[in-house]
Structures are given as C-alpha cells and as structure tokens.
Amino acid sequence: MSNFLAGIQFPDITAIIPEVIALIIGCLILLIDPFIPKQKKRLNGYIALFGFVVLFFVTLSYLGKSIVTFFDMFSVDNFSTSMKLFFFVANFVVVLISLRYLEMEDSNLGEYYALLMFATVGMMVMVSSKDLIMFYIGLETMAIPLYVLAGFIRMNERSAESALKYLLMGVFVSGIFLYGIALTYGATGSTKLVDIVRFTYINGVNPILFVAIILIACGLGLEIAMVPFHFWAPDVYEGAPTSVTAFISVVPKVAAIAALLRVYFEGFTFFAPYWQTVLWLLSALTMIIGNVTAVVQDNVKRMLAYSSVAHAGYMLMGILSFNELGVSSLVYYFFAYSFMNIGAFALVIYLRRKNIVGDRLEDFRGLAQKDPIAALVMVVFLLSLAGVPPTVGFVGKFLIFSAALKAGFYWLLVIAVVTSVISLYYYFKIARSMYLEEPVADEPLLQPLSVKIAIFLLAILTVVFGVYPTPIMNLADLSAKVFFGY
Amino acid sequence: MELQFGSNTLGFPILSFVTFFPLVGAVILLFVPRDKTNFIKWFSFFWALILFAVSLVLWFKFDRGTWQFQFVERVPWIDKLGVEYYMGIDGISILLVLLTTFVMPVCVLCSYEYITEREKEYYIALLALAVGMIGAFCALDMFLFYVFWEVMLVPMYFIIGIWGGPRKLYAAIKFFLYTFFGSVFMLICIIAMYFMYHAKTGEWSFNYVKWLAYLNDIPMKYQFWLFLGFFLAFAIKVPLWPFHTWLPDAHVEAPTAGSVILAAILLKLGTYAFLRFPIPFFPEASKFFAPFIAILSIIAIIYGALCALAQEDMKKLVAYSSVSHMGLVMLAMFMFNPTGIMGSIIQMVNHGLSTGALFLIVGILYERRHTRLIREYSGISKVMPGFAVIFMFAMLSSIGLPGLNGFIGEFTCLAGVFKANWLYALFAATGTILGAGYMLWLYQRTMFGVIAIEENWYLPDMKLREWVYMIPFVIFFIWIGVYPKPFFKIMEASVNHLVEYVNMRTSSVNVSMDSSKMNAALSFLTDGKEVKR
C-alpha cells in the first residue's frame with residue numbers, strides 16, 4: 001500500500017521472478033527446437049517438465065510472502081502463490097500425457113510446449129493482478145496460445161474448426177470484458193481494484209458498476225465455460241487434441257475463476273449481495289444445463305466437456321459464498337478437479353491408438369477385461385468426479401457445499417446435490433461400458449509408459465488426498481487468509 | 001458434562017480389524033492370477049470364515065450391562081475439519097455386525113457355481129462390500145459414517161451390474177442412483193449440524209457422542225428439515241413405501257449372494273441408521289413424524305404382502321416380502337417403547353436370516369433349472385426331500401411360526417406397537433396373516449403336487465456345500481426361536497437407554513401437530529434472508 005502514495009517507485013522485481021523464469025523457458029524451447037532432430041522432439045517436453053519442477057520449487061519459496069508492487073497492479077500473496085503452484089502441478093501432468101500423444105498424432109513440435117509455457121505466464125499474471133487492465137493482459141496472454149493449441153493438429157479438420165470457433169468466441173467475449181473495464185473506469189476513474197473499492201466506499205454504489213460487474217463476469221465466463229458462454233466448450237473439447245482438451249478444461253478455467261474471485265472480492269466488495277445474486281443464477285444454470293446435457297452425450301470428450309461446465313457451476317458456489325471457507329474450499333476444489341479431470345482425459349489418451357481417438361463410449365467397452373487396472377483407475381476418477389467418497393472429489397464437494405450452506409444458499413445447495421446425482425448417471429455410463437459390456441476385438445492398446453505414469457500418479461493423488469486431505473487444505477486455508485485474514 | 005465416549009477393554013483395535021480385514025483379502029486377491037479360480041474361491045471363503053471367527057470375540061467380550069459404546073477406537077483423522085476415526089459398537093449395532101460377518105462366508109460359498117465368469121473381480125467386490133457394511137455399522141463419526149455408507153454402493157453396483165440377470169444394467173444404476181440421491185441430502189444435513197455444533201461450542205467436530213450431548217436443543221423448525229434429510233436417505237435404503245421401487249429390480253437381477261447381502265445387511269443399514277441417528281438427534285421431530293412413518297409402514301406392510309401374493313417370480317416374491325417385513329420393523333421402531341425397539345432390532349436380525357435363507361433357496365433352485373418362475377416347479381419335495389425340509393424351516397421362520405425366530409421378532413414388534421396404538425397393531429397383524437398366505441402358497445405350489453414338468457424329475461438334492469451353508473441358518477432359526485434371551489440381553493441396556501433418552505427429551509414437549517410449529521418450520525423456506533449471512 002505504501003508505494004501508492006509515494007509516487008513513482010522502482011517496482012519490486014523479485015515479485016515476478018517465476019513469471020520471468022517461465023518466459024525464459026518458453027523462449028528457450030522455441031530457440032533450441034530447430035536444432036533437435038525430428039525423432040528426439042521429446043526433449044522439448046522434458047525441458048518443459050523440468051521447467052515446471054523448477055518453477056514449482058521457486059514459487060514454493062514465495063509461500064507466506066506478501067508483496068504488492070508495480071504501482072499496486074501486481075501482488076504476490078498466498079492466494080496467487082498457491083494458484084501458481086496449482087498451475088505447475090497441473091501442467092506437469094498435462095505435459096506428461098502429451099509426450100507420447102503428440103507423437104501418435106504426428107505433430108510433435110516444440111511450439112506446443114512453448115505455447116503451454118506462454119499460456120501459463122498469462123495465467124500467472126491473471127491470478128496476481130490487482131488491476132483490471134492487468135487482468136485483461138493476462139487473459140489475452142493466456143488465450144492466444146490456447147487458440148493455437150486447440151488447432152495444433154493442423155491437418156485435422158475438427159482441430160482447425162475448434163481453433164477457429166474458440167478464437168471467434170474468445171475475441172468477441174474479450175471485447176465484452178474490455179467494455180466492462182471501460183465502464184468501471186468511467187464510473188470510478190481507475191482500473192485498480194484498490195481504487196475501485198475506495199471509490200465505492202466513499203461514493204456509494206453506482207448503477208453503471210452493476211452493468212460492469214455483469215460484463216466482467218461475461219468476459220471471464222468464456223474461459224470458465226459457464227452458462228450461457230458454454231456453447232463453444234463441447235465443440236472445442238471434442239475437436240482439440242485430447243491433451244489440449246485436458247489442459248483447457250482445467251487450468252485456464254481455474255485461472256479465470258481465481259481472477260473473477262479476486263475482482264469481485266477485492267474490487268467490488270460492497271456489491272457483494274448483488275453479484276452473489278448474479279452468480280447464484282449463473283451457478284444454478286451452469287450446474288443444471290451442464291449436467292443434464294451431459295446425460296445424452298455419447299462421446300466421452302463431449303460428455304466430459306459438459307461435466308466440466310457443470311463443475312464450473314460448483315466452483316462458482318465457492319465464490320458466491322463470499323466467506324473464508326468458500327475461498328479455501330475453492331482452492332481445494334481446484335486441486336481436486338485437476339486430478340480427476342485431467343485423469344479422465346488421460347484415460348482417453350491412453351485409449352488412443354491407430355485410427356481410434358478413444359473418445360467414443362464404444363472405445364471404453366470391455367476395458368475391464370482388456371486392461372483391468374486402467375479400468376479401475378478410471379472408476380476412481382469417475383467416482384471422484386461424481387463426488388463419492390473416499391476420493392478427493394468428495395472432499396472438494398463437501399467443502400464447497402459447506403461454504404454454501406454457511407452462507408445460507410439452501411436452494412442452490414439442493415440444486416447442486418440433485419445435479420450431482422444426475423452426474424453420477426452419466427459418469428457411470430463410462431463405467432458401464434468398461435465393466436458391464438463385452439470387449440470388441442480391435443486394435444490392441446498401446447499403453448504408453450508416460451501416460452501410464454500420469455494416470456497412476458493422478459489416481460494415487462485422487463485417493464490419497466481423499467483419505468488424507470490435510471496438506472492441500474492447509475495450503476487452501478493460507479490462501480483464504482488473503483481475503484479474510486484481517 | 002462428562003461425555004461418554006465409551007472404552008475399549010480389549011486393548012486391541014478389533015473393530016478396525018474386522019472392518020479392514022476383508023479389504024486386505026481383496027488386495028491380496030488383486031495379485032492372484034485370474035485363472036486360479038479354485039484358489040480364489042477357497043481363499044475368499046476362508047478369509048470370510050476367519051472374519052466371522054474373529055468377530056465372535058465381540059459376542060463373548062461384549063459387556064451386556066452397559067449402554068455405552070464398547071471396543072472404541074478414537075484417533076484424529078482430518079484435524080482441520082475435526083474429523084475423527086471413531087469406531088465403536090453398542091447393543092444396537094453388535095448383532096448387525098455379527099450378522100454381516102456371518103453372512104459373508106455364506107455368500108462366498110453360495111457363489112461357487114452361480115458365478116462362472118470373472119470370478120476374481122467378483123470375490124474382490126464381495127470382500128470390498130463387507131468393508132463398507134461393517135464400517136457403516138461401527139462408525140461413530142458422521143463423516144466416517146458417510147464415507148462407509150457411500151463406499152458400499154460401488155461394489156454392490158458392480159455385483160448387480162456384472163453378474164446380474166437380464167435387466168442388470170437398469171437395476172444396477174437404479175439402485176446406485178436411488179441410494180445416492182437419498183444420501184446427498186443426508187450429507188447436507190450432516191454439514192448443517194456440523195455448523196450448528198460449531199456455533200454452539202466453537203469446536204469443529206463430527207463426533208456422534210459430542211453431537212448428541214451438545215446438539216440437544218435444536219429448534220423444531222430446524223429439526224423438521226434435518227429429520228427429513230436423514231429420513232430420505234434411510235427410507236430409501238430400508239426401503240419404506242413409496243421409496244421401495246429400486247428394491248424388486250435390484251433383488252431380481254442381482255446374483256444370489258448379492259440378493260442375500262441386500263436383504264440381510266443393506267436394508268438393515270437403513271433401519272439401523274434410523275435408530276442410531278435421526279431418532280436420538282431429533283426426538284421431537286421423530287415423534288412429530290412418527291404417525292406419518294407409521295402410516296407409510298403400514299402401507300408398506302400390506303402393499304408389500306399383496307404384491308408378494310401376485311408374483312410369479314419367486315425372487316420377486318421374496319423381495320416384496322422384504323418390503324412388508326421391513327415395514328413392520330419401521331413401525332415398531334417408531335413406537336418409542338423398549339419392547340417395540342427391541343422387537344425391531346431382533347426382527348432385523350430375523351429378517352436378515354430368514355430372507356437371506358429364502359434367497360439362497362431360490363438360488364439353489366435357480367442353479368438347477370435356470371428359472372425362477374413358480375409355475376415351472378411343482379412337487380419338488382419328492383425329488384429334493386432334504387431341500388424341502390430346509391425350505392420349510394426358512395418359510396416357517398419367515399411367516400413367524402412359534403418356536404422359530406420369526407415368531408419372536410413379530411410378536412415383540414406387534415406387542416410394542418400394540419402398547420402404543422392398538423389400531424396400528426391391527427393393521428400390522430393383517431400383514432403377518434397375508435405373509436403366512438403368500439409363503440405357504442408358494443411352498444404349496446412348488447413343493448407339493450405332482451411333478452408336471454419332465455425335467456424336474458431329475459433335479460438332484462442338496463449338495464454338501466449347500467448343506468454346509470444352509471444348516472447354520474436353521475440352527476439360528478431354532479436358537480432364536482426357542483431361547484432368544486441372549487439376543488435380547490445383549491441389546492437391552494442400549495435400547496433402554498435410547499428410549500429413556502428420547503422420552504426425557506420429548507417429555508416436556510407437546511409433539512402434536514400444531515399449526516404454529518408447522519408455520520415456523522415452513523417460514524424457514526420463505527424467510528431465507530434471516531438465515532443468510
């Protein structure tokens with residue numbers, strides 16, 4: 001706070017060291033990629049893996065620190081730090097499942113990992129920013145690599161289509177987001193969250209800001225994939241390379257939710273009852289439409305797309321609860337969601353073989369007899385997604401529901417539990433295919449080692465943190481203190 | 001206030017051992033090659049047998065003089081949330097734990113020839129199921145209880161879904177969704193009580209004993225909704241009319257062992273949970289809802305019996321008879337007198353034994369003829385005399401013939417109901433008459449008469465393996481029928497304490513349906529602002 005009044009000061013560069021490292025690694029991959037022979041392109045992936053490990057430990061050292069710098073626009077606090085840690089964990093797994101997959105798709109290019117890095121930088125900026133313009137810059141830095149990644153298998157029509165769809169929707173919605181920022185600026189004279197909250201504290205609520213709040217939710221709503229901005233999700237998820245789908249469905253979504261949380265909590269604190277109502281409606285619709293539409297899907301990637309829409313609805317409950325438990329449950333849910341959702345997509349990659357994408361329900365048929373362990377692992381992920389104990393998804397749902405209950409949103413809670421029963425039905429359509437139907441004779445499974453490692457890692461995390469959730473909960477509590485710790 | 005968490009005089013965590021011993025077996029089976037079916041079968045059998053033998057320690061070491069929890073284990077589990085690993089049993093749960101461990105080896109044994117494919121997964125699922133069931137009976141931490149309660153759905157889903165009959169896919173998912181639907185509402189109620197406890201004491205805990213001690217003055221308007229949440233979860237499990245529709249499907253499609261476990265244990269979890277949680281937590285609401293539950297139970301008794309009369313499929317007949325019998329258990333329980341509650345507990349055990357035996361009997365016939373239609377059988381007693389004797393015992397036990405266990409249960413239940421309300425008892429007694437009707441008629445149609453179908457001439461009588469698992473049932477039928485005292489003795493202290501507790505809590509409260517109370521309860525819906533932060 002102090003440097004706000006002190007005029008122009010040299011910003012504290014230490015705050016952005018992780019971002020700089022990530023950028024350097026991204027550029028490094030681009031630089032050395034031309035010198036790597038085609039058969040050894042995996043090296044890029046290993047660099048990215050190593051990079052995420054380094055970033056994880058560098059960022060870990062920031063835990064507990066609190067720096068606000070760059071003229072109050074950039075903040076390092078426990079919330080942003082734990083979100084960054086989350087990005088690195090999730091991205092590590094995403095790279096792990098991409099290694100072999102890209103080879104199978106014959107598009108093993110270094111750009112993939114570089115783009116992943118750049119998108120990560122964008123997200124890191126997003127969760128750290130305390131200024132609407134910074135949010136926008138982060139959002140775009142994240143989004144542009146994502147458009148490219150969605151169309152990464154150039155020769156595949158579906159992939160190209162999904163990239164274009166994603167781009168058009170993204171550009172449209174980012175315009176809305178900018179409009180929201182403009183209105184906020186017009187009403188308060190600043191884009192900084194501290195100024196906005198100070199302005200509304202002194203001058204009371206301004207009707208223009210009501211509009212701005214909705215527009216900002218819309219702008220972030222695309223990446224969150226909440227209703228009514230979810231239409232792109234199934235098409236893009238289905239068309240994009242599966243590893244990218246796993247990425248898009250988890251990491252950018254979480255980043256956008258974290259950003260929304262910060263904007264609402266720190267910028268529009270005094271509008272809480274208003275945006276709680278808005279989010280109530282959006283969350284209810286998201287849960288209902290996501291879960292109900294998923295029931296009729298036959299394509300697993302589409303089904304998981306709608307399921308990820310539905311999970312966005314559950315996560316919005318964490319924001320609209322507007323209490324400490326809400327934030328900590330949300331952070332916990334982020335981790336839970338990444339384990340189980342990336343895990344489920346990793347299984348689709350695991351089934352990828354000659355001429356088979358592995359995303360139809362039939363591809364799962366009889367998996368329990370062909371590969372019992374993989375089928376068992378998938379059941380773990382599905383149970384977790386549906387919120388059945390003893391999995392990490394259950395603890396996540398439990399915490400989110402607790403937060404909503406504490407805030408008194410009883411009817412939303414009823415919608416949430418009823419829709420989670422519906423979700424069990426379609427998740428278990430996959431289990432039914434794997435266990436209760438006979439296998440069809442087709443191409444043998446490839447069982448790539450790196451994917452195997454990834455799914456076992458995720459399955460173990462899913463169960464271990466379901467039985468012993470304390471470590472993640474400690475981290476989540478630390479981040480909740482940022483908003484409610486005073 | 002001194003909290004009675006109970007103690008463990010044994011000095012050995014026997015409840016954890018009994019709960020997780022099957023899990024160890026399941027994990028070992030995971031590493032056995034799948035073509036060694038014989039080894040898998042016998043391993044599972046002996047594993048389950050050891051489980052039963054160990055659980056007998058509970059019977060011998062149980063202190064019958066106290067109502068407090070015994071064999072208690074308390075370890076912090078998730079500190080942040082105040083979740084404990086808290087296991088313990090009292091007179092209400094011990095018989096059901098023993099029933100579970102008794103049924104397990106039988107279920108393994110009766111599957112030897114019925115299950116002919118994917119045996120390895122089957123026995124793993126069976127053992128995993130035992131973990132959830134025993135755990136749910138022993139758990140005294142609400143979080144822990146919910147975990148066990150949900151965990152057992154998954155293996156049961158697979159047992160019905162993989163090894164079931166023609167409509168197995170439908171039955172399996174229906175079972176799963178129904179029970180899951182109920183339990184999520186219970187979860188919300190648990191969370192709500194968790195916050196109430198925190199608001200009252202400033203401590204985060206799911207501990208059953210602590211909740212009972214400090215959450216003893218929940219206002220009626222909250223009790224009303226909390227009770228309904230728990231009620232939905234447990235009524236679906238029992239299943240009480242009109243929540244019973246999953247049961248005939250699940251029973252008919254499940255393999256024999258699945259049906260036995262469903263009837264003997266899973267349904268009991270519903271009634272047990274009613275006794276354990278909603279009744280002591282919300283005595284006022286329980287008494288308020290008692291007339292409604294009584295009416296639903298009476299409908300279940302009569303409707304179940306009438307449906308059973310009309311069935312052509314033997315398994316469906318037994319399934320509907322379960323609905324009828326469980327109705328009686330519920331009715332007796334909600335009369336809130338010691339006789340009724342003791343009757344309902346002993347009737348839970350009896351129903352587990354007799355209906356389990358009946359499902360085994362249907363399974364024995366099915367293994368020979370691959371049909372369960374009643375008209376396919378007649379005069380079977382001529383070719384299978386030994387079988388006819390066992391069937392007769394099970395049938396008579398089910399209809400409550402004096403001298404066998406069913407009589408003791410039904411008599412005590414009806415006596416308890418009569419004490420509270422003679423009109424209920426009148427209707428409930430109709431159910432037992434109808435019960436005698438459909439059972440005797442079933443027996444007559446299948447066992448007596450002439451053998452009309454050529455194939456039935458060549459049915460072999462019971463094999464040694466089948467005798468081995470049917471005889472213990474007969475022993476229990478006679479034991480409980482002739483000398484039920486040990487069984488009543490073991491539950492007496494706990495039941496009396498429960499009834500005293502409930503009556504103490506409700507003695508000062510007028511529980512009749514008065515409109516102001518109703519309005520208070522419903523205002524909770526419309527007047528949401530008041531409770532929001």
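In which helix of chain A is A:His311 found? In this predicted model, the residue lies in helix H13 of chain A, which spans residues 300–321. A:His311 has a relative accessible area of 1% and is therefore buried, since buried means under 20% relative accessible area. Once its neighbours within four places in sequence are set aside, A:His311 is in contact with A:Tyr333, A:Tyr337, A:Met340, A:Leu385, A:Lys397 and A:Tyr427.

A second residue of chain A, A:Asp477, sits in helix H20, which covers residues 470–484. With a relative accessible area of 23%, A:Asp477 counts as partly exposed. Its C-alpha atom is separated by 8.0 Å from that of A:Val327, although the two residues are 150 residues apart along the chain. Apart from neighbours within four places in sequence, A:Asp477 is in contact with A:Ser328 and, in the other chain named here, with B:Lys80.

From single residues the account turns to the interior. The largest nonpolar core has 422 residues, and those with the most contacts inside it are A:Phe87 and A:Trp275. Helix H7 of chain B, residues 168–201, supplies the largest share of this core, namely 20 residues. A second core, separate from that one, has 13 residues, among them B:Ile298, B:Leu331, B:Ala332 and B:Cys413. As for A:Phe87, its contacts beyond the neighbours within four places in sequence are A:Thr120, A:Met123, A:Met124, A:Val127, A:Val251, A:Val254 and A:Ala255.

A:Ala255 also takes part in a helix contact, between H6 and H11 of chain A. Helix H6(A), residues 132–150, packs against helix H11(A), residues 242–267, at an angle of about 170°, with the axes 12 Å apart. Because angles over 145 degrees count as roughly antiparallel, these two helices are described as roughly antiparallel to each other. On the side of H6(A) the contact is made by A:Leu132, A:Phe135, A:Met142, A:Leu146, A:Leu149 and A:Ala150, while H11(A) contributes A:Val244, A:Phe247, A:Ile248, A:Pro252, A:Ala255, A:Ala259, A:Arg262 and A:Val263. Sorted by class, the residues of this contact are 13 nonpolar, no polar and one charged.

Chain B offers another helix pair, in which H3(B), residues 91–110, and H21(B), residues 485–506, pack at an angle of about 140° with their axes 7 Å apart. That angle makes H3(B) oblique to H21(B). Here B:Gly91, B:Ile92, B:Ile94 and B:Leu95 in H3(B) meet B:Phe487, B:Ile490, B:Met491, B:Ser494, B:Val495 and B:Leu498 in H21(B). This contact divides into eight nonpolar, two polar and no charged residues.

The last element to consider is strand S2 of chain B, residues 83–89, which is mostly covered, with seven of its seven residues buried. In a regular strand the side chains alternate between the two faces of the sheet. In S2(B), B:Val83, B:Tyr85, B:Met87 and B:Ile89 point one way, whereas B:Glu84, B:Tyr86 and B:Gly88 point the other way, and all are buried. Strand S1(B), residues 70–78, pairs with S2(B) in the antiparallel sense over six bridges, and within this pairing B:Glu84 of S2(B) is the bridge partner of B:Pro76. The hairpin of S1(B) and S2(B) has four residues between the strands, and in it B:Gly82 takes a positive phi near 75°.

Definitions and conventions
Residues numbered from 1 in each chain as written. Chains lettered and ligands numbered in written order. Predicted model: local features only at pLDDT ≥ 70, side-chain atom pairs only at ≥ 80, totals over all residues. Heavy atoms only, no water. Core = buried A, V, L, I, M, F, W, Y, C linked by side-chain atoms within 4.5 Å. Buried < 20%, exposed > 50% of the residue type's maximum accessible area, 1.4 Å probe, protein only. Contact = heavy atoms within 4.5 Å. Pairing = 2+ DSSP bridges. Axes fitted to C-alpha atoms, helices over the stretch in contact; angles between N-to-C directions. Parallel < 35°, antiparallel > 145°, perpendicular 65-115°, else oblique. Nonpolar A, V, L, I, M, F, W, Y, C, P; charged D, E, K, R; others polar.
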